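Thanks for asking me to look this one over. My notes are below as numbered points, to be read beside the structure.

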Amino acid sequence: MVDFFPGEIEIVGGVLQVGDEVFSDPNSERIDALLTLLLVERGRTFHGWDTLYLDPRDGRLWEHYYPASHLHGGGPPALRLVD
């Protein structure tokens with residue numbers, strides 16, 4: 001089961017490059033798993049790049065966003081707790 005670590009407030013993904021190939025790093029894969037298996041989408045910005053998710057177990061809200069949006073495809077993802 002995928003879950004948040006105690007006290008975790010942000011996960012920032014990255015990429016791994018092997019030769020000419022680029023892969024998602026473990027943080028990016030974990031973000032994808034959290035979005036797919038645990039969190040529930042609650043809303044999106046009008047442009048669709050930022051999404052708000054609910055953790056139904058405790059009611060916390062998480063923002064899924066792309067901090068390096070200037071990169072091709074939006075760059076690696078990030079997930080942060082919303083106060």
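Is D3 buried, partly exposed or exposed? D3 counts as partly exposed, because its relative accessibility is 33%. I come back to this residue in point 5, where its partner appears.

1. Confidence. Please keep in mind that this is a predicted model. The mean pLDDT of the protein chain is 91, with 93% of the residues at 70 or more. Among the elements, β1 has the highest mean pLDDT, 98, while strand β3 (residues 21-24) has the lowest, 89.

2. The sheet. Five strands form an open sheet with antiparallel pairing, and their order is β1-β7-β6-β5-β4. At the edges are β1 (10-12) and β4 (40-44), each of which pairs on one side only. On average, neighbouring strands of this sheet are turned by 25 degrees against each other, direction ignored. Helix α1 (residues 26-37) packs on the sheet and touches β1, β5 (51-54), β6 and β7. The direction of α1 makes about 125 degrees with that of β1.

3. Two strand pairs to look at. As general background, strands of a sheet pair through backbone hydrogen bonds, either parallel or antiparallel. Here, β6 (residues 61-65) and β7 (residues 78-82) are antiparallel and share 5 bridges; in this pair, H64 stands opposite L79 of β7. The antiparallel pair of β4 and β5 has 4 bridges, and there R44 faces T51 in β5. β4 and β5 also make a hairpin, with 6 residues between the two strands. In its turn, G48 has a positive phi of about 85 degrees, so you may like to display that residue when you check the backbone.4. H64 and its surroundings. H64 has its place in strand β6 and counts as buried, because its relative accessibility is 8%. Leaving out residues up to four places away in sequence, H64 touches I31, L35, W49, D50, T51, Y53, P77, A78 and L79. Y53 is a good residue to view next: with the same sequence neighbours left out, Y53 touches L35, L39, V40, E41, R42, R60, L61, W62 and H64.

5. Salt bridges around R57. The structure holds 6 salt bridges. In one of them, the side chains of R57 and D3 meet at 2.9 Å, N to O. This pair links distant parts of the chain, 54 residues apart: R57 is in the loop between β5 and β6, and D3 is in the segment before β1. R57 is partly exposed, because its relative accessible area is 46%. D55 also forms a salt bridge with R57, and the closest N and O atoms are 2.8 Å apart. What is the relative accessible area of D55? The value is 0%, so D55 is buried.

6. A salt bridge between strands. E63 and R80 form another salt bridge, in which the closest N and O atoms are 2.8 Å apart. Because E63 lies in strand β6 and R80 in strand β7, the pair ties together parts that are 17 residues apart in sequence. E63 counts as buried at 19% relative accessibility, because the cut-off for buried is under 20%. R80 is partly exposed, with a relative accessible area of 33%. To return to the previous point, D3, D55 and R57 are joined into one network by salt bridges that share partners.

7. The nonpolar core. In soluble globular proteins, nonpolar side chains tend to be buried together. Which residues make up the largest nonpolar core here? It has 11 residues: V2, F4, I11, I31, L34, L35, L38, L39, Y53, W62 and L79. The largest share of this core comes from α1, which gives 3 residues.

8. I9. Is I9 buried or exposed? I9 counts as exposed, because its relative accessibility is 56%. I9 is found in the segment before β1. Apart from neighbours within four places in sequence, I9 is in contact with W62, L79, R80 and L81. The C-alpha atoms of I9 and L37 are separated by 18 Å, and these two residues are 28 apart along the chain.

Definitions and conventions
Residues numbered from 1 in each chain as written. Predicted model: local features only at pLDDT ≥ 70, side-chain atom pairs only at ≥ 80, totals over all residues. Heavy atoms only, no water. Pairing = 2+ DSSP bridges. Axes fitted to C-alpha atoms, helices over the stretch in contact; angles between N-to-C directions. Contact = heavy atoms within 4.5 Å. pLDDT = per-residue confidence, 0-100. Buried < 20%, exposed > 50% of the residue type's maximum accessible area, 1.4 Å probe, protein only. Salt bridge = Lys/Arg side-chain N within 4 Å of Asp/Glu carboxyl O. Core = buried A, V, L, I, M, F, W, Y, C linked by side-chain atoms within 4.5 Å.
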